[in-house]
Amino acid sequence: MKEITAKEVEQLLQNGTPLNIIDVREVEEVAAGKIPGAVNIPLGLIEFRMNELSKEKEYIIVCRSGGRSARATQFLESYGYNVTNMLGGMLAWEGPVE
């Protein structure tokens, strides 16, 4: 499983690198703040909404602490998606939120 730190994601965004970020937390968790531009697909819905994702794109998967995103990353990898888990989740995120 590929992994990236929250600081690396923040630096990529600051450099203007376009990223596809999927936040797998529950809707009420995301309402408290998410990485700007992240799309919310709760972990329990990944199986049903993965058709919204493209196997040609790379995605960074985020949750609160890194556990749910690791599960989502492994699941999506098993279906051939190009995904990377953000270590530490939003607890490690020091960048801006929306």
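This is a short walk through the sheet and two of the helices in the structure above.

Okay, one thing before we start: this is a predicted model. Let's begin with the sheet, then hang the helices on it.

So, what's the strand order? We have an open sheet of five strands, in the order 1-5-4-2-3, and the pairing is parallel. Strand 1 and strand 3, which is residues 39-40, are the edge strands, each pairing on one side only. Helix 1 packs on this sheet and touches strand 1, strand 2, strand 4 and strand 5. Its direction makes about 75° with that of strand 1. Helix 4 packs on the sheet as well, touching strand 1, strand 4 and strand 5. For helix 4, the direction makes about 170° with that of strand 5.

Now let's look at strand 5, residues 82-87. On one side we've got strand 1, residues 2-5, pairing with strand 5 in the parallel sense over four bridges. If you want a residue to click on, take Glu-3: its bridge partner in strand 5 is Asn-85. Then there's strand 4, residues 58-62, which also runs parallel to strand 5 and is joined to it by four bridges. Here you can pick Glu-58, whose bridge partner in strand 5 is Asn-82.

How do you get from strand 4 to strand 5? Through helix 4, residues 67-78, and the three together make a right-handed β-α-β unit.

Let's stay on helix 4 for a moment. At 1.5 Å a residue, its 12 residues should span 16 Å, and the end C-alpha atoms are 17 Å apart, so that agrees. Which residues of helix 4 are buried? Those are Ser-69, Ala-70, Ala-72, Thr-73 and Leu-76. They cover an arc of only 165° around the axis, so they sit on the same side of helix 4. As a reminder, an α-helix has 3.6 residues a turn, so residues three or four places apart point the same way. And what do the buried residues of helix 4 pack against? Helix 3, which is residues 46-49, plus strand 4 and strand 5. After helix 4 comes Gly-80, with a positive phi near 90°.

Back to helix 1, then, residues 6-14, where the buried residues are Ala-6, Val-9 and Glu-10. The arc they cover around the axis is only 100°, so they're on the same side of helix 1. And yes, that list does have a glutamate in it, Glu-10. The cover over these buried residues includes strand 1, strand 2 (that's 20-23), strand 4 and strand 5. Helix 1 is followed by a glycine too, Gly-16, and its phi is positive, near 85°.

Last stop is Leu-13, which is also in helix 1. Buried, exposed or in between? Leu-13 has 30% relative accessibility, so it counts as partly exposed. Leaving aside its neighbours within four places in sequence, Leu-13 is in contact with Leu-19, Ile-21, Ile-35 and Trp-93. And if you want a distance to check on screen, go from Leu-13 to Gly-88: they're 75 residues apart along the chain, and their C-alpha atoms are separated by 17 Å.

That's it from me.

Technical notes
Residues numbered from 1 in each chain as written. Predicted model: local features only at pLDDT ≥ 70, side-chain atom pairs only at ≥ 80, totals over all residues. Heavy atoms only, no water. Pairing = 2+ DSSP bridges. Helix = DSSP H or I, 4+ residues; strand = E, 2+ residues; numbered from the N terminus. Right-handed = clockwise from strand over helix to strand, strands pointing away. Buried < 20%, exposed > 50% of the residue type's maximum accessible area, 1.4 Å probe, protein only. Arc of directions from axis to C-beta. Contact = heavy atoms within 4.5 Å. Axes fitted to C-alpha atoms, helices over the stretch in contact; angles between N-to-C directions. Expected span 1.5 Å × (residues − 1).
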